[in-house]
Structure formats: C-alpha cells, structure tokens
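Visitor: I have a structure to look at and no idea where to begin. Can we go through it together?

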Amino acid sequence: MYMDRRLLRWTVPLAGFFAGALLLATLGGVMTILQAFLFSRFVAGVFLPQSSDEPVARWLILLLLVVFLRGVFSYLSDGLSATASARIRERLREALFAHLFRLGPVYTSQRPTGEVVATLMEGVDALDGYLSQYLPQVVLSALLPLLVLATVFPLDPLSGVILALTGPLIPLFMMLIGSTGERLTRRQFGALRRLSAVLLDILQGLRTLKELGRSRDQAQRVASIGEEYRKITLEVLRLTFLSALALEWLGTISTALIAVQIGLRLLYGHLEFAQAFFILVIAPDFYLPLRTLGLRFHAAMNGISAAKKVFALLEEPSWIESGSSVLPANAIPLNGDIHLENLTFTYPGREDPSLKNVTCTLPEGKVTALVGKSGSGKSTFAYLLLRFLTPQNGRILVGDVPLSSISLEEWRKACAWVPQRPAIVFGSIADNLRFADPNASREQIQWALEQVHLWDWVQGLPEGLNTLIGERGAQMSGGQAQRLALARVLLRNPSFIVLDEPTAHVDMVEEALLQRVFERLFEGRTVLLIAHRLPVLRIADQILVLEKGDLVEAGNLDTLLHTEGRLSRWVQQYGGLT
Ligand SMILES: Nc1ncnc2c1ncn2[C@@H]1O[C@H](COP(=O)(O)OP(=O)(O)OP(=O)(O)O)[C@@H](O)[C@H]1O
C-alpha cells in the first residue's frame, strides 16, 4: 500500500479522530450486514407463502432504522476524517510558513514564487484525498470484507471460499497499475507547479513584457506548458477510468459467480431462500470497500506526489543559524560597534566565495556606506549582518558579544531592513504600519507618518489611514512606498538599520524629501547603506569599497577621493558626486 512515513507522522496527534472515524465506519459496516439480513427476511416474509407468519412489519421498521443508522455512522465517520485532514493540512501550512521564514529571503528569492505558492496551496490541499479518503479506506478495505466473510462463512462455506479467492484480485490489480499511476501523477503535479510559476512570473512582469513586445512569446510559453498539463491530465484520467472500469468488472464477475452457484443450489433445494438471498445481497458489499480503495487510489497518488514536494520544502536545510542566547535577554548588547572579523561566505553550490576574509567595523551611531560593482558582494555583506545567512568562516561581534550567541529573535527586533522595493501588502495604510508594531496607537502612527512627510497626503485621502493600498503599493508612488517603509522603521525603533539605496528609483523632489527623513532616522543609530550611486555617499561617515568579495578600501569620503584608488577612479569615470 502506498504510504508516506513523513505524512503518517503528522497524523499521529490526530490518531483519536482517525480511530473514531474507523470505529464509526466499522459500525456502518455492521449496519450494512444487518441491513442485508433484514432485507432478505423482509423479502422472504412478503413473497414466500410458508413465511406468512413472519413479523414482516417488524423487519421493515428495523430495516428502516438500520438504513438510517448506517447513514448517520457514515456521515459522522466522513466528518471526523475530513476534520482530521483539515487540521493536519492547517498545521502543515503553518509549519511550511514558519520554515519559509527560517529559510529567509535569500532562499525564496532564488525559487520561482509561483512554485512555492503552488506547493503551499494546491500541494497541501492535494493531501486531502490521501488523508481523509485513502488512509481510512486502507484499514476499512481490510476490515469490512473480513466482517462480511466472518458472517458468510458459517452460513455458506462455498460462497465464503469464492469471496476469499476473488477478493484479493482487486488489490493485486491495483498494485499492478500502482507504479504507472504514481509516475503519471508525479508528472501531472510537476506540470501544474511549472504552470503556476510561469503564470505568476508573467503576471508580475507583465508591464516589462509589454514594453519589450514579448507578451506574445510568453502566451505561447503558457500555451505549451498548458498543453503539456492537459495531455498528462488526460493520461491520468484515462488510467483512472480504465482502472475504475476494470475494478467494476472484477467486482461484477465475482458477484455473478456467487449468484450463479447460489441460484443453482437454490434451484436444487440445497439452500434456503432467505439465506441465499442474504448472501446475494451482501456479496457486492464484500467487494465495495476494495473497489472504493481502488477509486481513491488516484487521489492518494496525487497526495503522495504533493507530499514529496511539501516535505522537500519542509526539510530544506536553512542557511541561517538560530543562535543560542547565552546571556539573559536584558544583558545582550544590541548596540555598540559592530565588528566583522575575517568574514567569509560561499553560497552552497558555488566554488568562489562571495565574501572573502572581510574585516571591518561599523561604528555605533554612524552611517557606513557600502559600494562596489554589481556582484561584488554588497547584498551578501548585508545579509550576513541581518542573519539571513550564516558565515562559514569568521565572526561578527556586537560590542564584545558574538552575534551567533544572540538569539535570532532578539537580533531581528534590533534590526531593520529597507530594501529597494519595500513590501507593501494589500490592506489599509494603518495595517501596513502595524506590520512593524501591531500595538502601535493611532497617535504613534500619525507621528511616524509626520516624520516621513506622509501625514498630509494621508489626511487628503477619502478614508485616511483606512485607505486600502494595493499589492506592492499600487496606489502609491515609489517614493511614497519608500517613506511608508521608513515610517515602519521609526515605529520599530531599531538600533541597527540596513538600507539598500532607497533613493535609487525616485525623482529629485522625492530624493530631497527622503534625505530629510534620513537625517531624523539615522540619528543615534548604526546604519549600513548599500550605495548604487555615488551622490548618496555624501551622507556616509565611513565608506567601504568591495570588489569581487574583497574589501579593498575603507575610509571617509575625503580621504578616499584624495587617494588613488577604486572610488576616486569610479568618480572620475562615472561622474562626480553631484
Ligand atoms: N543565492 C545565491 N546563490 C548563489 N550565488 C549567489 C546568490 N546570491 C548571490 N550570489 C553570488 O554572490 C556574488 C555576490 O552577490 P551579491 O548579490 O552579494 O552582489 P551585490 O554587490 O549585492 O550585487 P548587486 O549590486 O547587483 O545587487 C555574485 O557573484 C552572485 O552571483
């Protein structure tokens, strides 16, 4: 039988639900046998003259009661397994989200978002068929036929032998088609993930694609993956229908075998009518759980393929150490100079380190700018400080305390990161600010917005702070989105800030506004400013120059400009600091 051990482990905390569902389904099975018995007695009572003194009305009332109870047991059993499945999926999704947070932005940025979303949404939902239908059915398909067999054998051993011999043909058939089914569903799920990834990428980059006139190519790309998905889905459906047909056929032939031998023996008077009729009525119910297992097998295959992807993501090793807090929380210095000592980092799968033996200090309360050509290691440097990555060699000290001994949670509270395009989530302006501090009062929010010169704008909006801003801040300009992100930083009041040149994509007016915001924001805080343009260096107290992962220059702007080095050469080559 197809089982996934890792998924089974997740069912353990809800074993009570599954046991309840199985118990109720077994009671339903007992009701099925009783129903067949009462039905055969009722029919015998109505149609056979020698049974005229049979309490027919009583059989009928009992029969109706049993049918009702069977329905109730089946409803409750389905409800319990569906609830267990929903809870497991909810917990799995929570665990996946938590793990994605642990993996951090470096991991998510190198995976297609659509693929991760498909695993989180469709992938986890695909487990439902496995958990709520297939898993209980595996047990029931062994239990219920045994129950029927135990009832039929004492009544009529010959029919019992035929049932016992034909029953295993169904699981045998399922095992034969199992590997083909598994291969096909794995391909189907893979195609679905690819389709989701491509669609999301296209939607996110639609404007660029239109500008480049490449939207038609992308439509063809979607069409070709869609076609691949259609073909594989049809193959899966063909296999599903063919196997359903074969299972029906096996069940019907086996029931017919029972019917023929019972009919003949009835004809020659070797069997009583009520007994023969009972066996005939109950025979299909012997095969039913096995056939149902066969039909649910495809849902299970889907679930197993999805489980592989879900657990692959869940077991993805993190590049971040959580850090063990050796000091009491109030004794951890979350400010002080930040020292980097011989820091080296190589991305998994890469040969060359992206940062080589870097040693420097970010002085407390000062602004350090980081410059270097694209790919020189600026983001890697920042990610190591933010602990999105853990260095393979060297260490970072905050004051005298190694960063690795500070708990990740404490450190994250002390840091703020403002990327070039900050995340503005769909929700109100207030929601976007409370992202940083869920307990922030209206006054604090107003204060933060005033500091970043957004309060007048917010007041002019019809719904003020409750105005909805779209995904990626669709109704805000780039500069306003930046300032909203800076208001969040103010609310959090961190001691260390990393900014990835926030003025890179804004006009001169906005840049001037941002400069004023920076003055207030940087006051008394240690700042690392990744600079992509030279004018921004004027704000910095210290400049670090990176080249291919090496720290090649460090000093203040005047010193570096008057030294023959990279920075002065770049200023001469690419324009001044205006
Ligand atoms: N996730 C990753 N996996 C493997 N290699 C990576 C990864 N991220 C960055 N690199 C490599 O590490 C080196 C430094 O990259 P990094 O992003 O730190 O440079 P950068 O100076 O920030 O560049 P940019 O200014 O273009 O953002 C580059 O060679 C890059 O290809």
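Guide: We can take the aromatic rings and then a sheet.
Guide: This is a predicted model, where local features need pLDDT of at least 70, side-chain atom pairs count only at pLDDT 80 or more, and totals for chains, interfaces and linings use all residues. Residues are numbered from 1 along each chain as its sequence is written, and side-chain values use heavy atoms, with hydrogens and water left out.

Visitor: How many aromatic pairs are there?
Guide: There are 12. Rings of Phe, Tyr and Trp (its six-membered ring) pair if their centres lie within 6.5 Å; planes under 30 degrees apart are stacked, over 60 edge-to-face, the rest tilted.

Visitor: How do tyrosine 383 and tryptophan 417 pair?
Guide: Edge-to-face, with centres 6.0 Å apart and 85° between the planes. Tyrosine 383 is in helix H11 and tryptophan 417 in strand E6, so the pair links parts 34 residues apart in sequence. Helices (H or I, at least four residues) and strands (E, at least two) are DSSP runs, numbered from the N terminus.

Visitor: Is tyrosine 383 buried or exposed?
Guide: Buried, at 18% relative accessibility. Tryptophan 417 is partly exposed at 32%. Buried means under 20% relative accessible area, exposed over 50%, partly exposed in between (1.4 Å probe, protein chains only).

Visitor: New topic. What is the strand order in the open sheet of 6 strands?
Guide: The order is E6-E9-E10-E3-E11-E12, with mixed pairing. Strands E6 and E12 are the edges, each pairing on one side only. Two strands pair if DSSP finds at least two bridges between them.

Visitor: And in which sense do E3 and E11 pair?
Guide: Parallel, over 5 bridges. Valine 371 is opposite valine 545 in E11.
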